[in-house]
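Hi everyone, thanks for coming. I'd like to walk you through a structure I've been looking at, so let's get it up on the screen.

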2 protein chains.
Amino acid sequence: MVKITLIGSGNLGTQLGLSLVKNGYEIIQVYSKSKENATLLAEKLNSKATDDLNQLIDTDLAIISVNDDSISNVSKLVNFPQVHTSGTISMNDLNQNYPVGVFYPLQTFSKNTDVLFDQIPICIEASTNNLLEKIEGIAKELSNKVYFMNESKRAKLHLSAVVACNFSNLMYQLADEICDENEIPFEILHSLIEETSHKIKKTSPTKAQTGPAKRSDIKTIENHLDQLKNNAELFEIYNLLTKSIINRK
Amino acid sequence: MVKITLIGSGNLGTQLGLSLVKNGYEIIQVYSKSKENATLLAEKLNSKATDDLNQLIDTDLAIISVNDDSISNVSKLVNFPQVHTSGTISMNDLNQNYPVGVFYPLQTFSKNTDVLFDQIPICIEASTNNLLEKIEGIAKELSNKVYFMNESKRAKLHLSAVVACNFSNLMYQLADEICDENEIPFEILHSLIEETSHKIKKTSPTKAQTGPAKRSDIKTIENHLDQLKNNAELFEIYNLLTKSIINRK
């Protein structure tokens with residue numbers, strides 16, 4: 001079984017480490033720039049901790065799960081095959097003296113909420129067939145959804161994930177603000193939000209669309225814009241997104 | 001038990017009728033401007049059909065579930081207590097010779113997808129205590145989540161529902177377009193979209209936010225805008241929503 005070094009103890013590193021160990025992989029060493037975090041995670045993974053990149057023990061594979069901006073610098077000190085876990089960074093930014101690749105799980109992670117990796121898509125890419133096979137094996141142990149994806153596609157996927165998820169969450173946030181100002185419990189929207197996100201598994205988002213913009217219900221749209229006339233930011237967002245829905249009909 | 005006339009055989013009328021009958025209510029008559037639709041739904045509800053508003057049979061309550069624009073005109077021919085099911089129309093637009101009210105289930109309905117009403121919030125309002133009690137009783141039979149809400153609050157709720165749901169769905173649509181152009185299966189985003197909509201049940205959307213805008217990851221934001229430079233509409237949306245997330249930090 002592949003022996004692994006885990007570099008980074010953030011949300012993704014933590015969840016990935018736990019899932020790898022659960023699937024029988026041995027994490028030989030955990031690195032974090034904070035010794036405390038490294039030790040904390042290493043204990044959970046029955047592994048060794050370090051906060052010194054010059055003390056890394058060679059293994060079959062380093063999984064580099066640090067901030068995008070640090071990946072390149074960290075990688076220079078990793079002298080064995082390695083992958084990073086970022087949606088946006090090129091594998092060419094990794095140490096080119098060794099086989100390199102990408103192991104990108106497409107999910108939003110929190111340190112303290114355990115995730116089930118089996119439903120999380122993992123996008124992989126590698127500079128050698130040998131490394132690609134190795135990380136494909138690991139990805140398939142963890143998840144039922146493994147995709148081979150090169151850098152340019154991964155960049156488009158990351159962009160679409162930001163649109164579908166971060167921007168949706170902003171919509172929840174704006175709705176929460178409207179509710180809050182008007183003493184309406186935000187919980188009242190939970191089931192509608194859930195149904196909206198479920199619908200698109202059964203039909204395309206285009207077919208799933210409803211509401212005043214979709215119906216060209218100008219009276220309601222004008223009423224909403226009137227309600228927003230003292231909130232320039234939300235007025236602009238409402239206007240732009242409503243036009244965009246109308247353009248798509 | 002309250003005897004009901006159902007006016008309208010659209011998505012909401014259909015689901016509401018089915019749920020009322022399941023809960024033991026008697027639907028005396030179903031009206032639709034299309035005789036065929038009236039008959040089709042009446043058969044399912046063990047009821048009578050009509051396409052003539054002058055032939056309505058008096059019952060305890062008419063539930064008017066027609067297009068917003070038609071509510072007022074239809075109501076003039078309903079000569080007994082009545083509610084409409086709209087999020088945006090005032091109950092003052094109903095026939096003021098009788099007790100009137102609002103019975104607004106906050107959900108997105110499809111004719112052929114049966115919904116479980118018990119988790120759907122129902123917002124009610126009425127011009128008399130007697131009617132309010134009557135529709136409160138019905139609402140509580142159908143749902144665990146019944147809210148008393150006046151017109152101005154209901155308008156704010158409807159606005160926030162458009163933002164949280166129609167606009168989120170637009171984000172799914174835009175992401176789908178990006179995926180499609182780049183031959184990426186949209187399904188790859190399903191679990192991320194689902195997790196995003198789940199998270200806000202456990203924490204506020206503000207705390208749940210992730211991504212480049214939240215992290216002020218300018219490099220990634222610039223990379224995304226560069227990818228969108230030939231798509232003026234999406235460029236503008238990305239720019240505006242990213243600024244909005246940054247402003248909220």
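**A walk through the two chains**

Let's start in a loop: Ser216(A) sits between helix H8 (212-215) and helix H9 (218-227) of chain A. What is the phi of Ser216(A) near? It is near 50°, a positive value in a residue other than glycine. That's worth a pause, because most residues other than glycine have a negative phi. As for its surroundings, Ser216(A) is partly exposed, with a relative accessible area of 34%. Oh, and before I go further: this is a predicted model, so keep that in mind throughout.

There's another residue like that in chain A. Asn46(A) isn't a glycine either, and its phi is positive at about 55°. You'll find Asn46(A) in the loop that links helix H2 (35-44) to strand S3 (48-50) of chain A. Is Asn46(A) buried or exposed? Its relative accessibility is 74%, so Asn46(A) counts as exposed.

Now let's zoom out to the pair of chains. Two copies of a chain are related by a rotation about an axis and a shift along it. Here, a turn of 180° and a shift of 0.0 Å along the axis lay chain A on chain B, with an RMSD of 0.0 Å. The two copies are therefore related as by a two-fold rotation axis. Which C-alpha of chain A is nearest the axis? That of Ser168(A), at 2.3 Å from it.

How do the copies meet? Of the interface residues of chain A, 100% are also interface residues in chain B, so the copies meet through the same surface. For a close-up, look at Met171(B). Leaving aside residues up to four places away in sequence, Met171(B) touches several residues of chain A, including Val163(A), Phe167(A), Ser168(A) and Met171(A). In chain B, Met171(B) touches Ile237(B) and Leu241(B).

Met171(B) turns up again in the largest nonpolar core, which has 104 residues. Among those with the most contacts inside that core are Leu157(A), Met171(A), Leu157(B) and Met171(B). There's also a second, separate core of 30 residues, which includes Leu41(B), Phe109(B), Leu131(B) and Ala139(B).

Next, a helix with two faces. In H3 (residues 68-75) of chain A, the residues Ile71(A), Val74(A) and Ser75(A) are buried. They cover an arc of only 90° around the axis, which puts them on the same side of H3(A). What covers them? The cover includes strands S1 (3-7), S4 (61-64) and S5 (82-84) of chain A. On the face turned away from that buried side, H3(A) carries the exposed residues Asp69(A) and Asn73(A).

One more helix, quickly. Asn129(A) is in helix H4 (residues 129-142) of chain A, and at a relative accessible area of 61%, Asn129(A) is exposed. Between the C-alpha atoms of Asn129(A) and Glu151(A), which are 22 residues apart along the chain, the separation is 16 Å.

Last topic: cysteines. A disulfide is a covalent bond between the sulfur atoms of two cysteines. How many disulfides does a search of the whole structure find? Over all chains, the search finds 0. Take Cys165(A), which is in no disulfide: the nearest cysteine sulfur is that of Cys179(B), 10 Å away. A disulfide would need the sulfur atoms within 2.5 Å, so that pair doesn't qualify. Cys165(A) counts as buried, at 4% relative accessibility.

That's my tour, thanks for listening!

Note on methods: Residues numbered from 1 in each chain as written. Chains lettered and ligands numbered in written order. Predicted model: local features only at pLDDT ≥ 70, side-chain atom pairs only at ≥ 80, totals over all residues. Heavy atoms only, no water. Buried < 20%, exposed > 50% of the residue type's maximum accessible area, 1.4 Å probe, protein only. Helix = DSSP H or I, 4+ residues; strand = E, 2+ residues; numbered from the N terminus. Least-squares fit on C-alpha atoms with pLDDT ≥ 70 in both. Contact = heavy atoms within 4.5 Å. Core = buried A, V, L, I, M, F, W, Y, C linked by side-chain atoms within 4.5 Å. Arc of directions from axis to C-beta.
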